[in-house]
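Trainee: I'm new to this one, so could you pick a single part and take me through it closely? I'd like to hear about a pocket and what lines it, and then whatever else you'd point out.

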Amino acid sequence: MTAKTLVSERLTLRPWHVDDAPAALEIYGHAEVTRWLSPEMDQVADKAAMRLLLQQWAAESARLPAAAGRWAIERTADGLLIGGAVLLPLPPGEEDLEIGWHLRPDVWGNGYATEATHVLARWAFQHDVNEVFAVIRPANTRAATTMRNNGMHWVGETTKYFGVELQVFRLRQADLDPAAPASSRPPGDD
């Protein structure tokens, strides 16, 4: 199934198009974005490589279950493509659904990650998904802070996904309630 367009207050999450390659390169061609991705992803070198990757993502999205997919994130006010978002089955068994976002560094700190997370989570919960997970490398403290700000709860560390040590955060529908308790922090993360 192809990803459906989702809209929040300031963002439009829509399927990727091959013509997005120049703008997508502003995200995935940036070392500060790709260095933290799991599974590991090299910095995309040029527009041709980005076009190929977007074609692969479109083909992958077409085969995924209804809730899953990859989206381009546009700022609705000006149509600027500022990032990408995912709801993807996690290996090895694909029983867990990963939620994630990748934003251009020049738009970090504006609450777009939280907004994208919430619109994607609501989409997943409408498709009988009970919980979504985000996985990050332990040194990615910026992402961990964002996850807690999203209402996600730290549930531990594992090498289950992608064969590397990752912190796991979980979001359930009740966590989207503003009155929900704050997330716990990993040990030693004061």
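Mentor: Let's go to the second largest pocket, bearing in mind that this is a predicted model. Its lining comes from several stretches of the chain: Pro-65, Ala-67 and Ala-68, then Pro-89, then Glu-94, Glu-95, Asp-96 and Leu-97, and finally Val-129, Asn-130, Glu-131 and Phe-133. The volume is about 160 Å³. Sort that lining by class and you get seven nonpolar residues, four charged ones and one polar one.

Now look at the loops around those numbers. Pro-89 closes strand E4 (80–89) and Leu-97 opens strand E5 (97–103), and the loop between these strands holds Pro-92. Pro-92 is joined to Pro-91 by a cis peptide bond, with omega at about 5°. Another loop, between helix H4 (112–126) and strand E6 (131–136), holds Asp-128. Phi of Asp-128 is near 60°, which is a positive value in a residue other than glycine.

Away from the pocket lining, try the helices. H1 (residues 21–28) packs on H3 (residues 47–63) at an angle of about 95°, and their axes are 9 Å apart. That angle makes H1 roughly perpendicular to H3. On the H1 side, the contact uses Ala-21, Pro-22, Ala-24, Leu-25 and Tyr-28, while H3 brings Lys-47, Met-50, Arg-51, Leu-54 and Trp-57. By class, that contact counts eight nonpolar and two charged residues, with no polar ones.

Trp-57 is worth a second look, as it turns up again among the aromatic pairs, of which the structure holds three. In one of them, the rings of Trp-16 and Trp-57 have their centres 5.8 Å apart and their planes at 55°, so the pair counts as tilted. Trp-16 sits in the loop between strand E2 (11–14) and H1, whereas Trp-57 belongs to helix H3, so this pair ties together parts that are 41 residues apart in sequence.

How values were computed: Residues numbered from 1 in each chain as written. Predicted model: local features only at pLDDT ≥ 70, side-chain atom pairs only at ≥ 80, totals over all residues. Heavy atoms only, no water. 1 Å grid on protein atoms, 1.4 Å probe; cavity = no way out; pocket = protein on both sides within 12 Å on 5 of 7 lines; lining within 4 Å. Points joined across faces, edges and corners; volume = space filled by probe spheres on them. Nonpolar A, V, L, I, M, F, W, Y, C, P; charged D, E, K, R; others polar. Axes fitted to C-alpha atoms, helices over the stretch in contact; angles between N-to-C directions. Helix = DSSP H or I, 4+ residues; strand = E, 2+ residues; numbered from the N terminus. Parallel < 35°, antiparallel > 145°, perpendicular 65-115°, else oblique. Contact = heavy atoms within 4.5 Å. Phe/Tyr/Trp six-rings, centres within 6.5 Å; stacked < 30°, edge-to-face > 60°.
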